[in-house]
Structure formats: structure tokens, C-alpha cells
Amino acid sequence: MMVLWVALAGSAGAVARFVLDGVIRSRCSSEFPWATVVINATGSLLLGVLAGLVLFRGSPGSVQAIVGIGFCGGYTTFSTASFEAVRLIQRQRYRAAAANAFGTLALTVLAGAAGLAVAGW
């Protein structure tokens with residue numbers, strides 16, 4: 001039964017990512033992949049909150065599995081972030097590629113830590 005819940009949550013995460021990506025891309029004409037950055041940062045924040053709720057508040061681990069593995073797994077997209085960094089390199093936009101790769105990594109780590117901190121209060 002848990003596998004089914006994770007699969008359903010993963011589907012919901014993928015749909016949420018698709019919709020948010022479309023909304024951001026329609027409002028931001030930049031070549032920089034802002035949509036992917038926002039999606040990965042918000043997903044990392046949510047995962048941090050979930051992990052914190054389990055660690056500090058005794059929330060059931062099944063919630064973390066369903067929302068964390070399922071929803072956040074379908075929602076976040078580090079493979080797309082990597083692909084977009086390579087595409088920026090191919091266009092010789094080296095600074096943008098470095099900002100995308102390292103900035104996304106730093107931002108998502110900070111977002112995860114912020115989520116843990118929020119859950120710990």
C-alpha cells in the first residue's frame with residue numbers, strides 16, 4: 001500500500017512541477033533556468049520541513065516517505081538542472097552555467113536547512 005501512496009504523491013509532484021514550470025516560464029523570458037531553480041529550492045525547503053517534523057516533532061515516518069520520496073521526488077528535478085547547466089555551457093554562457101550549477105546547489109542546501117530550522121521551532 002505504501003508503494004501506491006508514494007507513486008500517487010510522485011505523480012502529484014510531477015504535475016505540480018509541470019504547472020509551476022509553465023507559469024514561471026510564461027512570466028520570465030530569461031534564458032537562465034529560473035523555473036528549475038525555484039522548483040528545486042522550494043522542494044528542498046519542503047523536504048527539510050518534513051525531515052524536521054519527523055526528527056523533532058515525532059511525525060510518522062510514513063508521511064515523510066509519501067511526501068518526501070513521492071511528492072518531492074516527482075517535484076524536484078536535479079537532472080534538469082544539470083542538463084540546463086550543460087546547455088548554458090554549449091551556448092558559451094559559462095558564468096550563467098556556473099551560477100546555475102553552484103547557485104542551485106547552495107540554495108537548495110540552505111533551503112533544506114531552513115526547512116529543518118522551521119520544523120524545529
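Start where helix α2 meets helix α4: T36, N40 and S44 on the α2 side touch F78, T80, A81 and E84 on the α4 side. Sorted by class, the residues of this contact come out as two nonpolar, four polar and one charged. Keep in mind that you are looking at a predicted model.

Helix α2 covers residues 34-57, and it packs against α4 at an angle of about 150°, with the axes 10 Å apart. Angles over 145 degrees count as roughly antiparallel, so α2 is roughly antiparallel to α4. As for handedness, α2 passes α4 in a left-handed crossing.

**T36, a residue in that contact**

T36 sits in helix α2. Is T36 buried or exposed? With a relative accessible area of 3%, T36 is buried, because anything under 20% falls in that class. If you skip its neighbours within four places in sequence, T36 is in contact with D21, R25, T77, T80, A81 and E84. Three of these partners, T80, A81 and E84, belong to the α4 side of the contact with α2.

**The helix pairs side by side**

Helix α4 also packs against α5, and α5 in turn packs against α2. Here are the three pairs together.

| Pair | Axis distance | Crossing angle |
|---|---|---|
| α2 and α4 | 10 Å | about 150° |
| α4 and α5 | within 7 Å | roughly 160° |
| α2 and α5 | within 6 Å | roughly 30° |

Take α4 and α5 next. Helix α4 runs over residues 78-90 and helix α5 over residues 94-120. How do α4 and α5 lie to each other, roughly parallel or roughly antiparallel? They cross at roughly 160°, and they are therefore roughly antiparallel. Helix α4 passes α5 in a left-handed crossing. On the α4 side the contact is made by F78, A81, E84, A85, L88 and I89, while α5 brings in Y94, A96, A97, N100, A101, T104 and T108. By class, that gives nine nonpolar, three polar and one charged residues. F78, A81 and E84 are worth clicking on: they are listed in the contact of α4 with α5, and they also turn up in the contact of α2 with α4.

The α2 and α5 pair has another orientation. Their axes cross at roughly 30°, which makes α2 roughly parallel to α5. Helix α2 passes α5 in a right-handed crossing. The residues in this contact split into 13 nonpolar, 10 polar and one charged.

**G10 and its partners**

Now hop over to helix α1, residues 2-27, where you will find G10. G10 is buried, at a relative accessible area of 16%. Which residues does G10 touch, once its neighbours within four places in sequence are set aside? The answer is G70, F71 and G74. The pairing with G70 spans 60 residues in sequence, yet the two C-alpha atoms are just 4.0 Å apart in space.

**The whole chain**

Zooming out, the chain has five helices and zero strands, so to speak α-α-α-α-α when read along the sequence. Its C-alpha atoms fill a box of roughly 50 × 30 × 25 Å along the principal axes. Of the 121 residues, 33% count as buried. The chain exposes about 7200 Å², and carbon and sulfur atoms supply 71% of that area. Finally, look at contacts between residues at least 6 apart in sequence: 75% of them join residues at least 24 apart.

Technical notes. Residues numbered from 1 in each chain as written. Predicted model: local features only at pLDDT ≥ 70, side-chain atom pairs only at ≥ 80, totals over all residues. Heavy atoms only, no water. Axes fitted to C-alpha atoms, helices over the stretch in contact; angles between N-to-C directions. Helix = DSSP H or I, 4+ residues; strand = E, 2+ residues; numbered from the N terminus. Parallel < 35°, antiparallel > 145°, perpendicular 65-115°, else oblique. Left-handed = near helix turned anticlockwise from the far one by under 90°. Contact = heavy atoms within 4.5 Å. Nonpolar A, V, L, I, M, F, W, Y, C, P; charged D, E, K, R; others polar. Buried < 20%, exposed > 50% of the residue type's maximum accessible area, 1.4 Å probe, protein only. Areas by Shrake-Rupley, 256 points an atom, 1.4 Å probe, with all protein chains shown as cover.
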